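Let's take a walk through some ring contacts. Have the viewer open and follow along.

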Amino acid sequence: MTKATEKEPPVELTGNQVLPILPLRGTIVYPFLVTPLMIQQADQTKLVDDALMRGSRIGLFLQKDSKKENPEPDDLFLVGTSGNILKMLRFPDGTVRFLMQGLTRIRIKRFTSSSPYMMAEIEEQTEVVRESVRLEALQRNLLERIKTLVELAPYLNEEFHVTAINQDTPSKLTDYVASNLNVSIEQKQQLLEELDVHKRMEMLYHAINKEIEVLELSQKIQAQAASELGKSQRDYILREQLKAIKRELGDGDDKGEIEEFEKKIKASGMPPQAEQAAYKELDRLSHMTPSSAEYTVSRTYLDWLVMLPWNKSSKDMLDLRKAKKILDEDHYDLEKVKDRILEHLAVRKLKETIKGPILCFVGPPGVGKTSLGKSIARAMGREFARVSLGGMRDEAEIRGHRRTYIGSLPGRVIQSIKRCGTNNPIIMLDEIDKLGSDFRGDPASALLEVLDPEQNDTFTDHYLDVPFDLSRVMFITTANWLEPIPPVLLDRMEVIQLPGYTDIEKLAIAKRHLIPKQIENHGLTKADLTLDDSAIKLLIDGYTREAGLRNLEREIASVARKIARKVASGSKGKNIVKAADLPKLLGPQFFTREVVVRQGRIGVVPGLAYTSVGGEVLFIEATSMNGKNTLTLTGHLGNVMKESAQAALSFIRSNATELNIEPTAFDNRDIHIHVPAGSTPKDGPSAGITMTVALASLFTRRPVKPCLAMTGEITLRGELLPIGGLKEKLLGAVRAGVEVVILPEDNRKDIPELPPEIKKKLTIRHFSDVISAVKFALDGKCAKRKLTKTKASRS
């Protein structure tokens, strides 16, 4: 409790003076009152020491935000109190405690300094006192209300009332009462700032009346609660006595657990069918002895039923701008996915009850499919759960085990919903293309019901054996490759392609996300490590060759470890890593521009392929030798690719004259077509044009143009058919140093969706017939251009 001084100290503060300013957190010092204060910060300790040495006064001003550790001048109220330090104690933990005596109200005119602590020019505030009969009546009423307050408030004693009566002026009375009254700190500041004593007393009178009203109501509530508690205690004692009598008579066991389950079933909000099953199982449980094996099985089943969030949903965040901001913060680009999520939120905003979408993110490793699911959950304000499907072979992992098995549990979907605690989480089914199957069942077939919006509102887990509504769950699946996914399962999902990143996108992601993350992970600061743009580009082009970002992040982590070792060894200064420094840190480059290295060879043609790890350049090699007109295909080729090679040879032989090939060139010659990287399986029809050009190059003895690659399916009639995975293939072409690409005419419609970087670095030529494409590929030699300056055109 703040104490009043016995006599008024002399006040020498006149006019304007410059005083050191001590910010106060959560407390106010009033004039002529002694208040204990405590400080820990070094600058405030220095302020107190300097004031004691000089014998000067201190300006005491309340902070607007008590949580702020280092307040600025704008963070303080302008009206405060000047005061003297009466006594000070230092403690071993660095804390300083002292008694401060308030002197007079002051106002800050301007701040003159902020280091090592704040100094300000202040002016004294003169109180307005109008002696009148009304003021005396108000003072008497105030003292009467203080007496009533002391009787009700446990934090005030009789001494407070006596001290209040002995205050010799209305101003001192209001300050003394305000300092001890249980009101907010803002109200206390208002009372300090009010210079009119009459108005201040009226404000205080209203505050005391409100406190008395609150205390009276509180006492009334406590009395009612005590009465109800007495009745509850009486009922409890009687029930315990009744239970003891029943135990002595051997009439029934303890039913506390049964009653607890009854309450949980009522509170769970489960649908009628599930509630009926729960009460049926509870009835069975009530007739079992706790020592039986079935008792534990039945009890675990009831636990699962009552713990599931049958009617508990998280509220969707329907602020589209905020959701877009969150998605943009976490991931660069990926506009198609972001637009799809924002469209779902927009529909959800217009219509409250809609079924959750089933999305399938397809793309190479490291493009952010899994992390994107977490970002979507954060943007929508939903819980997130991830279920890894890679290598899963047991159907029961999805549908659960029946309760007849020992240790049976619900499937992974129901487990995830229980863990999230809501019936509308986002559940990510990761690596759906890597599901397996064996004698225990086919998990992909079990997912048909889970991922069908028309059926999953009555999904029945084998363990629960009652329907659970999954229609509000948003399922997101991920895959590197669509081919392994059964068509009937794929039909239930909305496929969104996540292609690889361009070099410019990788550069932006590295600067925005990867480098700050690795700097933090390795205990460094921005002042310790800076990666120059040239170094990042070399990491992307010379040390990694991927569609995603995982290897790039590993190489950045390697650089960060090298720098961390230097810093830990005592090295000073900022480490700026440039392209020329990378060989010293990481060794020689891992990758070179393959197309540049292997260009100008007869019978060798670069083709574009789409694999599960992104787009790549595959070289088709063709050679011939004396033999018996046989065709040999090697390189771990699939059936479709073998058929493409046979079609290419048939087309070349049937159009030999138009391609300036001697018809007798094929006589008694064996042809061998090989695709390097023989340990990697390869298949698909899009290598047809590449094999055709390789054979044409072999028999015309003319190499293909430098820095040229191609892709497209052919027919025996010489038509060039469209292909898929265009963006991934062209990204692979850019990474390998390709400058000109031959594409089917029907793929022209896909060009506008390509990133600008691809259009800038590649010259794209479209052909509808194979003859024209072959002639373009072999007709003369284009001048060799630098890889960084490529023509951007589209025919």
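What follows is a short tour of aromatic pairs and of charges over rings.

Keep in mind that this is a predicted model. Searching the whole structure turns up 7 aromatic pairs. Start with phenylalanine 160 and tyrosine 176, whose rings are stacked, with 5.3 Å from centre to centre and 25° between the planes. Phenylalanine 160 belongs to helix 3 (residues 158–165) and tyrosine 176 to helix 4 (residues 170–180), so this pair ties together parts that lie 16 residues apart in sequence. Buried or exposed, these two? Both phenylalanine 160 and tyrosine 176 are buried.

Now jump along the chain to another pair, tryptophan 481 and tyrosine 610. Their centres are 5.4 Å apart, and with 55° between the planes the pair is tilted. Here the link is between distant parts of the chain, 129 residues apart. Tryptophan 481 sits in the loop between strand 13 (474–479) and helix 16 (487–490), while tyrosine 610 is in strand 17 (residues 604–611). What about accessibility? Tryptophan 481 counts as partly exposed because its relative accessibility is 25%. Tyrosine 610 has 21%, so it counts as partly exposed too; the cut-off for buried is under 20%.

Rings can also have a charged side chain over them, so to speak, and there are a couple to look up here. Which residue lies over the face of tyrosine 301? That's arginine 403, at 3.8 Å from the ring centre. Then there is phenylalanine 776, with lysine 705 lying over its face at 3.7 Å from the ring centre.

Definitions and conventions
Residues numbered from 1 in each chain as written. Predicted model: local features only at pLDDT ≥ 70, side-chain atom pairs only at ≥ 80, totals over all residues. Heavy atoms only, no water. Phe/Tyr/Trp six-rings, centres within 6.5 Å; stacked < 30°, edge-to-face > 60°. Helix = DSSP H or I, 4+ residues; strand = E, 2+ residues; numbered from the N terminus. Buried < 20%, exposed > 50% of the residue type's maximum accessible area, 1.4 Å probe, protein only. Lys NZ or Arg CZ within 6 Å of the ring centre and 35° of its normal.
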